[in-house]
Amino acid sequence: MSARHGKADSMVTTAGVHGGVHGTRTNRLARILKNPFVGMSPWIVFSLVMGPWGFETAVGLALALSVCLTVAGHRVSPGTSLKILEVAAIVLFATLAIVGALAGPGTLRWLQDHAGEVTSWAFVAVAFGSMAVGTPFTLQYAREMVDKQYWNSPAFTRTNYVITGVWGLVFLIDAASRAYGSLVLHDPDNMWTSWIIPLAAIIGAVRFTLWYPDHVRARARAAGPVRP
């Protein structure tokens, strides 16, 4: 009888351990999917892939990534809000993919030369448009990662305005760089304007996004106790 109980206890313990590991992995994945970098990743992928590998590859990867990340995010964390960036990415890249699939050779050449600028301008519109209506797109992600008591904190809100503005500026640089390559250099595939400058701007924004919230918290601690 005791042997049976021992075996049952062992099975329960093992199930508990496996359940705990699965829960930990699920929570970790949920936190990753709630990160604004994930929401921006289809746009970043399109920007970086467009120059070296062309429109068809870039739009296919960006659309697939947009759909997969959106579905995964809502399956792992049911009930989370639909993000501005998710909707905009799926609509934009699906539209470009359909246009590209139906387009003739002339339109495909235009997309190859200018789709990078189009998507960058679209991101700029989303970033600064979301700020204009009082909901910078990073705020939707940040609210799912912090306690509700901090949502109306001036420092929390200001941090998201700053980070959203920085990413809007990055894609503004991307659009301007590509436009310069196309309209001034008459070389849309120029390595500097279509890849190196956009990549440098993205790396700078990633570093800033990782640094700035810690900087704000450190400054708040140095200033003394504050109310959330």
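Biologist: How many cavities of 30 Å³ or more does a search of the whole structure find?

Modeller: Rolling a probe the size of a water molecule over the atoms shows where empty space is left. In this predicted model, the search finds 2 cavities of 30 Å³ or more. The second largest cavity holds about 70 Å³ of space.

Biologist: Which helix gives the most to the lining of the second largest cavity?

Modeller: Helix α5 does, with 6 residues. Both α2 (36-53) and α5 (105-132) supply at least two residues of that lining. Among the lining residues are Met-50, His-114, Glu-117, Arg-178 and Ser-194. By class, the lining has 3 nonpolar, 5 polar and 4 charged residues.

Biologist: How should the aromatic rings be read, and what is the count of aromatic pairs?

Modeller: A pair of aromatic rings is described by the distance of the centres and the angle of the planes. Here the count comes to 9 aromatic pairs. In one of them, Trp-211 and Tyr-212, the ring centres lie 6.0 Å apart and the planes stand at 55°, so the pair is tilted. Trp-211 is partly exposed, at 44% relative accessible area, whereas Tyr-212 counts as buried at 10%. One aromatic cluster is formed by Trp-43, Phe-46, Phe-93, Phe-123, Phe-137 and Phe-171.

Biologist: Are α7 and α8 roughly parallel or roughly antiparallel to each other?

Modeller: The axes of α7 (residues 154-184) and α8 (residues 191-223) cross at roughly 170° and come within 9 Å. An angle over 145 degrees counts as roughly antiparallel, and α7 and α8 are therefore roughly antiparallel to each other. Their contact comprises 19 nonpolar, 6 polar and 2 charged residues.

Technical notes: Residues are numbered from 1 along each chain as its sequence is written. This is a predicted model: local features need pLDDT of at least 70, side-chain atom pairs count only at pLDDT 80 or more; totals for chains, interfaces and linings use all residues. Side-chain values use heavy atoms; hydrogens and water are left out. Axes are lines fitted to C-alpha atoms, for helices over the stretch in contact, and angles run from 0 to 180 degrees between N-to-C directions. Helices (H or I, at least four residues) and strands (E, at least two) are DSSP runs, numbered from the N terminus. Angles under 35 degrees count as roughly parallel, over 145 as roughly antiparallel, 65 to 115 as roughly perpendicular and the rest as oblique. Ala, Val, Leu, Ile, Met, Phe, Trp, Tyr, Cys and Pro count as nonpolar, Asp, Glu, Lys and Arg as charged, and the others, Gly among them, as polar. On a 1 Å grid over the protein atoms alone, a cavity is a set of points where a 1.4 Å probe fits but cannot get out, and a pocket is an open set with protein on both sides within 12 Å along at least five of seven lines; lining residues have an atom within 4 Å of a point. Grid points are joined across faces, edges and corners, and a volume is the space filled by probe spheres set on the points. Rings of Phe, Tyr and Trp (its six-membered ring) pair if their centres lie within 6.5 Å; planes under 30 degrees apart count as stacked, over 60 as edge-to-face and the rest as tilted. Buried means under 20% relative accessible area, exposed over 50%, partly exposed in between (1.4 Å probe, protein chains only).
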